Amino acid sequence: MPHYCTLIPGDGIGPEVAQAAVRAVEATGVDIVWRRAELNEAIILESGKTLPQYLLDSLNETRVGLKGPVTTPVAGGFQSVNVALRKTLDLFANVRPVRTLPGIKTRFEDVHIDMVIFRENTEDLYSGLEHEVVKDVVTSLKVITRTASERIARYAFYYAKKNGRKQVAAIHKANIMKLADGLFLRCCRETAQQFPEIQYKELIVDNASMQLVIRPETFDVLLLPNLYGDIVSDLAAGLVGGLGIVPGANMGETHAVFEAVHGSAPDIAGQGKANPTALMLSAVMLLIHLGETEAANQLQSAVEAVYREGKHLTGDVGGSASTEEFTEAVLHAIKA
Ligand code: NAI
């Protein structure tokens, strides 16, 4: 039986990196059927909808998606596609592995970074509940619930246990937001007690940000509410070389959507300059999710081999290769 996966190439550099990722997955020999679902700025503007029904139908059928970036129209008050997808499919966990790739020059020459970030995806200050009380006075509601906090905490600890990770760090600002972050922290603590084999620690988000920059190698699994998770995820991506190489996944109970964390990069779209690494490594996460561990290892090792060799890297990571040249090098490494 083949696997069925919804492929959303997106727009901007999306189609270029999506094509590269599809070729890389297929080169592993895994039996996968792509259900292509177009979504781009023009479709959103024309239909007036962020998520067309055919896209949701496809994801409801396949339950898994590989997604390129989609430009959010500036005018018209459209929700971002990602926020809409998360809410509609209840993709409660944003998972971002952040690892040093061999051969990439970062500020941390001799440091090996290997952390996985779990960000709660559905509430916090992203609930969109804003209100102008009187002219020029606005409130924005931070919503934290036990249900969502326990769910993300269990997910992070379960991942840590399953993947031989040693430590989970809950990151918060409960010293100031005593009720909201206090509840989040309480849920993390209670969950930690159910996983005695995993070391548990807590860090206040400002200190955590500094520690991440000074000692990134000391972090293992990070567990955060939505807003801190969003910011810390990008900070962490910067530690290993930027958004072009960091994969991501939005996971729910029933659906999973894998995608690079970068946007549609209109400044380089259509020029063959995009780095497809982030989407290829998101495809590695997809393959693991589908139970295709061998294919996942093959693709991960091939990408690492191309970085180690360092001859076919794209401009954003200091090379001069095109998307096509990088992709060919990965395909060659898979075959080798
Ligand atoms: P961006 O991530 O598209 O670009 C930021 C900078 O990084 C640009 O200089 C770009 O050239 C570079 N870059 C990004 N990905 C790259 C790659 N794979 N290879 C080489 N260079 C890369 O962020 P920006 O400019 O803020 O957003 C552009 C559009 O993308 C906006 O419409 C935004 O709404 C949308 N967006 C979509 C996302 C999604 O669908 N997941 C996520 C973030 C933004």
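**Exercise 1: helices H9 and H10**

Describe how helix H9 and helix H10 are arranged in this predicted model, giving the distance and the angle between their axes.

Solution. Begin by locating the two elements: helix H9 covers residues 277–289, and helix H10 covers residues 293–309. Next, take the two values for the pair, whose axes come within 7 Å and cross at roughly 160°. Angles over 145 degrees count as roughly antiparallel, and H9 and H10 are therefore roughly antiparallel to each other. Finally, add the handedness, since H9 passes H10 in a left-handed crossing.

**Exercise 2: helices H5 and H6**

Which term describes the angle between H5 and H6, and what is the handedness of their crossing?

Solution. The helices in question are H5, made of residues 146–162, and H6, made of residues 180–193, and their axes come within 9 Å and cross at roughly 40°. This angle makes H5 oblique to H6. As for the handedness, H5 passes H6 in a right-handed crossing.

**Exercise 3: helices H3 and H4**

Work out how helix H3 and helix H4 pack, using the angle and the distance between their axes.

Solution. Helix H3 (residues 53–62) packs with helix H4 (residues 81–89) at an angle of about 50°, and the axes of the two helices are 12 Å apart. That angle makes H3 oblique to H4. To complete the description, note that H3 passes H4 in a right-handed crossing.

**Exercise 4: the surroundings of the ligand**

Which residues come nearest to the ligand, and how many residues are around it?

Solution. There are 19 residues around the ligand, of which Val70, Gly263, Ala265, Asp267 and Asn275 come nearest. Sorted by character, the residues of this shell divide into eight nonpolar, seven polar and four charged. Turning to individual atoms, a backbone N or O atom of Val70 lies 2.9 Å from an oxygen atom of the ligand, while a polar side-chain atom of Lys67 lies 3.1 Å from an oxygen atom of the ligand. For Asn275, a backbone N or O atom lies 2.9 Å from a nitrogen atom of the ligand. As a last step, consider the surface: the ligand taken alone exposes 810 Å², and the protein buries 65% of that.

Definitions and conventions: Residues numbered from 1 in each chain as written. Predicted model: local features only at pLDDT ≥ 70, side-chain atom pairs only at ≥ 80, totals over all residues. Heavy atoms only, no water. Near = heavy atom within 4 Å. Polar contact = N/O pair within 3.5 Å; in protein donor to acceptor, adjacent residues only side chain to side chain. Areas by Shrake-Rupley, 256 points an atom, 1.4 Å probe, with all protein chains shown as cover. Nonpolar A, V, L, I, M, F, W, Y, C, P; charged D, E, K, R; others polar. Axes fitted to C-alpha atoms, helices over the stretch in contact; angles between N-to-C directions. Helix = DSSP H or I, 4+ residues; strand = E, 2+ residues; numbered from the N terminus. Parallel < 35°, antiparallel > 145°, perpendicular 65-115°, else oblique. Left-handed = near helix turned anticlockwise from the far one by under 90°.
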